[in-house]
Amino acid sequence: MSFDVGDLLGGKYTLVRLLGRGSAGEVWEAEHTLVERRVAIKILHRELADDAEIYGRFIAEARAAGRLMHPNVAGVFDLGDQDGAPFMVMELCDGELLSTVIEERGAVGVGYACELIAQVLAALEAAHGLGIVHRDLKPGNIIVVHPRPDQPLTKVLDFGIAKGVHPDGMAPEETGRIFGTPSYMAPEQALGESVDHRADLYATGAILYELLTGRPPFEGASALDVIATVIRRPPKPLRTYAPQVPAELELVVRRALAKDRRQRQQSAAEMLRAIAPFIAAAPAASHDHRTIPPLPLVSRPASPEAAPPPSAARPLLQLVADSTLPPPPEPDR
C-alpha cells in the first residue's frame with residue numbers, strides 16, 4: 001500500500017505533495033491539520049520496518065536531530081506509525097542539497113564556501129558536545145536554504161548512522177562493517193577502526209575542498225579505488241585547481257585532511273576559528289557568491305563534454321539508505 005495526496009498520517013498530518021521516493025521510503029510535504037504548519041514527513045517502507053538495523057537507523061536519525069535542536073540541523077518534531085509504516089515529521093527545508101549546488105555551479109568562491117562550512121561546523125560543535133558523531137557528512141547530507149537572498153543557511157541532515165544515538169548504545173561499526181561515503185570518509189573509518197568526532201572534521205575538510213575546487217579531494221573508478229586513495233595518498237594540492245584560494249586557507253584544509261587524526265584540528269570550534277577570517281573574503285552582495293531565488297544557482301560555464309547530464313527532480317530530504325561498503329584493501333606495508 002502506497003500513500004497518496006490527501007492521506008492523513010497520525011490523525012493530524014495531511015499529505016500535500018510527494019518530494020522524493022527511494023528504495024527505503026518516501027518524503028512528503030504535509031500540513032499539520034490543527035496548526036496549519038507545513039512540514040516534511042519521511043516515511044519508511046513497511047517491508048523495511050521489520051529490519052532491526054534499518055529501523056534502528058531511522059530512529060537514530062530522529063533521536064539525534066531531536067536532541068540537537070540546533071538552527072543548522074534539520075529539526076525533527078514527531079515520530080509515528082501509519083499502518084505499519086514508521087514516519088518522522090521534520091522541518092520543511094525549501095532549498096538545494098549542497099551536492100546539487102556543486103554539481104550545477106562547481107567552485108563557489110572562498111567567502112561563500114567558508115560561510116557554508118562555518119555553519120556546518122556550528123552544527124557539529126553542538127553534536128559533538130552531546131557525544132554525537134555524524135559519520136556520513138557529505139554534500140548530499142547538507143541542504144542550503146536562503147531566508148534572504150544574501151543570507152545562506154545550511155541544515156545538516158541524516159543522522160541515520162550517527163554514533164552516540166542508538167537506543168541500545170551500539171554503533172553500527174561494531175557489527176564489523178564499514179559505513180560512510182568513500183570520498184568523505186576519514187582513513188580510520190575506511191579501515192574499519194573506531195571513529196570519533198575528528199572523522200567529522202575530516203569530512204568537513206573534504207567538503208570545503210570540493211566547494212573551493214568543484215571536485216572532491218579523492219576520486220576513483222570504484223568505491224574501492226577511492227578508499228585505497230583515502231588510506232594511502234594525500235589529496236592533490238588544493239591550489240592546483242583553485243590558485244585564487246589563499247595559501248593560509250589551503251593549509252587549513254590540508255590539516256583537516258591529515259591521515260593521522262591527531263594532526264587534524266581537534267574540535268569543530270578550532271576549525272571554525274581557522275576559517276573565520278576567510279568568510280568575508282568575497283563580498284556578500286556579489287552575485288558570484290550567493291543564490292538569488294528562484295533556485296537553482298547560476299550554473300558554471302562548462303564545455304559540452306564536461307557538462308553534467310540533465311538531472312531528474314531531486315528529493316528535498318535524503319532517505320535512509322544502506323551505506324555499507326565492502327571491506328577496504330589492505331594498506332601498503
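## A word to start with

Two residues are in contact when heavy atoms of theirs lie within 4.5 Å. With that in hand, meet Leu-9, a residue of strand E1 (residues 8–9). Setting aside neighbours within four places in sequence, Leu-9 is in contact with Phe-3, Leu-15, Ile-41, Ile-43, Gln-82 and Phe-87. Please keep in mind that the model you are looking at is predicted.

Is Leu-9 buried or exposed? Its relative accessibility is 0%, and buried means under 20%, so Leu-9 counts as buried. You can also follow Leu-9 to Asp-83: the two are 74 residues apart in sequence, yet their C-alpha atoms are 9.2 Å apart in space.

## The whole chain

Now step back and take in the whole protein chain. You will find nine helices and 11 strands in it. The chain has 333 residues, and 53% of them count as buried.

How much surface does the chain expose? The figure is about 14,700 Å², with carbon and sulfur atoms supplying 54% of it. Contacts across the sequence are worth a look too. Among contacts with a separation of 6 or more, 68% join residues 24 or more positions apart.

## Helix H9 and helix H8

Two packed helices are described by the angle between their axes and the distance between the axes. Try this on helix H8 (residues 247–256) and helix H9 (residues 268–275), whose axes come within 10 Å and cross at roughly 160°. That angle makes H8 roughly antiparallel to H9, because angles over 145 degrees count that way. H8 passes H9 in a left-handed crossing.

Which residues meet here? From H8 come Leu-249, Val-252, Arg-255 and Ala-256, and from H9 come Glu-270, Met-271, Ala-274 and Ile-275. Six of the residues in this contact are nonpolar, two are charged and none is polar.

## Helix H9 and helix H3

H9 also packs with helix H3 (residues 110–129): their axes come within 8 Å and cross at roughly 160°. H3 and H9 are therefore roughly antiparallel to each other, and their crossing is left-handed.

On the H3 side, the contact is made by Cys-114, Ile-117, Ala-118, Leu-121, Leu-124, Glu-125 and His-128. On the H9 side, the residues are Ala-268, Ala-269, Met-271, Leu-272 and Ile-275. The residues of this contact divide into 10 nonpolar, one polar and one charged.

## A closer look at Ala-256

Ala-256, which lies in helix H8, deserves a visit of its own. Its relative accessible area is 0%, so Ala-256 is buried. Which residues does Ala-256 touch, leaving aside neighbours within four places in sequence? The contacts are Leu-201, Tyr-202, Gly-205, Arg-264, Gln-265 and Met-271.

Arg-198 makes a good landmark as well. Arg-198 and Ala-256 are 58 residues apart along the chain, and their C-alpha atoms are separated by 8.6 Å.

## Two loop residues with positive phi

Most residues other than glycine have a negative phi. Against that background, find Met-69 in the loop between helix H1 (52–68) and strand E5 (76–82). The phi of Met-69 is near 50°, a positive value. Met-69 is exposed, with a relative accessible area of 65%, because exposed means over 50%.

Asp-83, the residue paired with Leu-9 above, sits in the loop between E5 and strand E6 (85–90). What is the phi of Asp-83? Its value is near 55°, which is positive in a residue other than glycine.

Key
Residues are numbered from 1 along each chain as its sequence is written. This is a predicted model: local features need pLDDT of at least 70, side-chain atom pairs count only at pLDDT 80 or more; totals for chains, interfaces and linings use all residues. Side-chain values use heavy atoms; hydrogens and water are left out. Helices (H or I, at least four residues) and strands (E, at least two) are DSSP runs, numbered from the N terminus. Buried means under 20% relative accessible area, exposed over 50%, partly exposed in between (1.4 Å probe, protein chains only). Accessible areas come from the Shrake-Rupley method with a 1.4 Å probe; for residues, only the protein chains shown count as cover. Axes are lines fitted to C-alpha atoms, for helices over the stretch in contact, and angles run from 0 to 180 degrees between N-to-C directions. Angles under 35 degrees count as roughly parallel, over 145 as roughly antiparallel, 65 to 115 as roughly perpendicular and the rest as oblique. A crossing is left-handed if the near helix is turned anticlockwise from the far one by less than a right angle, and right-handed if clockwise. Ala, Val, Leu, Ile, Met, Phe, Trp, Tyr, Cys and Pro count as nonpolar, Asp, Glu, Lys and Arg as charged, and the others, Gly among them, as polar.
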